[in-house]
Amino acid sequence: MQEVSQISEFGKILVFLITGFILTGGLLLLNRLIAPNKPNPEKLTSYECGEEPTGSSWVQLNSRFYVIALIFLLFDVEMVFVFPWATVFGSHELIAQDERWGWLSLTEMFVFMGILILGLIYVWAKGDLEWIKTKVVQPRVSVNIPASAYDKINEMSYAAKPFFAEETKNIVVKEASEITATVRKPMFKPKLKQ
């Protein structure tokens, strides 16, 4: 038998690569020649989901968006490794040859899941899973009003006057085609009772 040289096998790959580059470049060039190019100010603005862009594009973004996304990707992508484990652990032929393969794959998966759970506990304890981290800050102001005055104001309770819709509309029907309504305007000035 005649052996196939490796150069001819790599030559096939080279032909595929050259064909891919030629087709991609040719289609981009064809698009450049055929597509109309009529820019206007509306087309040149940045597209933000149909909303008009306002303000500067150099805004400060909160890093918690990236932290949550990275944590999700970490735990989501790591779970892909469970599938090969299930394949080895569920292979009866492999376990029939040597029983230790089953115990090894089971132990390995417990170690892997343990590391993931420890990472989750660490992230949870650090507070990175909380969307809005509450930071309690006591305001400090230099005024001559004693703190007891603020406490008195906070202890007071106020009740709003109840509003009844029946009292505001008195409708009198004269005929079927004519309705005369006497409507009293509601008073939007709340009277607070102590």
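Helices (H or I, at least four residues) and strands (E, at least two) are DSSP runs, numbered from the N terminus. The expected span of a helix is 1.5 Å times one less than its number of residues.

This is a predicted model, where local features need pLDDT of at least 70, side-chain atom pairs count only at pLDDT 80 or more, and totals for chains, interfaces and linings use all residues. Residues are numbered from 1 along each chain as its sequence is written, and side-chain values use heavy atoms, with hydrogens and water left out.

**Exercise 1. Lay out the elements of the protein.**

Step 1. Count them: the protein has eight helices and four strands.
Step 2. Put them in order. From the N terminus on, they run α-α-α-α-α-α-α-β-α-β-β-β.
Step 3. Add the burial. Of the 194 residues, 6% count as buried (under 20% relative accessible area; exposed is over 50%, partly exposed in between; 1.4 Å probe, protein chains only).
Step 4. Turn to contacts (heavy atoms within 4.5 Å). Among those with a separation of 6 or more, 50% join residues 24 or more positions apart.

**Exercise 2. Compare the span of α6 with the expected one, then find its buried residues.**

Step 1. α6 covers 100-126 and has 27 residues.
Step 2. From first C-alpha to last it reaches 39 Å, close to the 39 Å expected at 1.5 Å a residue.
Step 3. Look past its end. Gly127 follows, with a positive phi near 95°.
Step 4. List the buried residues of α6: Gly102, Ser105, Met109, Phe112, Leu116 and Val123.
Step 5. Ask what covers them. The cover includes α3 (64-78), α4 and α5 (92-97).

**Exercise 3. Trace the largest nonpolar core.**

Step 1. Fix the term. A nonpolar core is a set of buried Ala, Val, Leu, Ile, Met, Phe, Trp, Tyr and Cys residues joined through side-chain atoms within 4.5 Å.
Step 2. Name the six members of the largest one: Ile71, Phe75, Met109, Phe112, Leu116 and Val123.
Step 3. Assign them. α3 and α6 are the elements that give two or more residues to this core. α6 has the largest share, four residues.
Step 4. Follow one member. Beyond residues up to four places away in sequence, Val123 touches Ile71, Asp128 and Leu129.

**Exercise 4. Describe the second largest pocket.**

Step 1. Fix the term. On a 1 Å grid over the protein atoms alone, a pocket is an open set of points where a 1.4 Å probe fits, with protein on both sides within 12 Å along at least five of seven lines; lining residues have an atom within 4 Å of a point.
Step 2. Give the volume, the space filled by probe spheres set on the points. It is about 150 Å³.
Step 3. List the lining: Phe81, Pro84, Trp85, Val88, Trp101, Leu104, Ser105, Glu108, Met109 and Phe112.
Step 4. Sort it: eight nonpolar, one polar and one charged.
Step 5. Find the suppliers. α4 (82-89) and α6 each supply at least two residues. α6 gives the most, six.

**Exercise 5. Is Ser105 buried or exposed, and what does Ser105 touch?**

Step 1. Ser105 lies in α6.
Step 2. Ser105 counts as buried because its relative accessibility is 6%.
Step 3. Leave aside neighbours within four places in sequence. Ser105 is then in contact with Trp85, Val88 and Phe89.

**Exercise 6. Do the same for Leu106.**

Step 1. Leu106 is found in α6.
Step 2. Leu106 is partly exposed, with a relative accessible area of 24%.
Step 3. Beyond residues up to four places away, Leu106 touches Trp85 and Phe89.

Conventions
Ala, Val, Leu, Ile, Met, Phe, Trp, Tyr, Cys and Pro count as nonpolar, Asp, Glu, Lys and Arg as charged, and the others, Gly among them, as polar.
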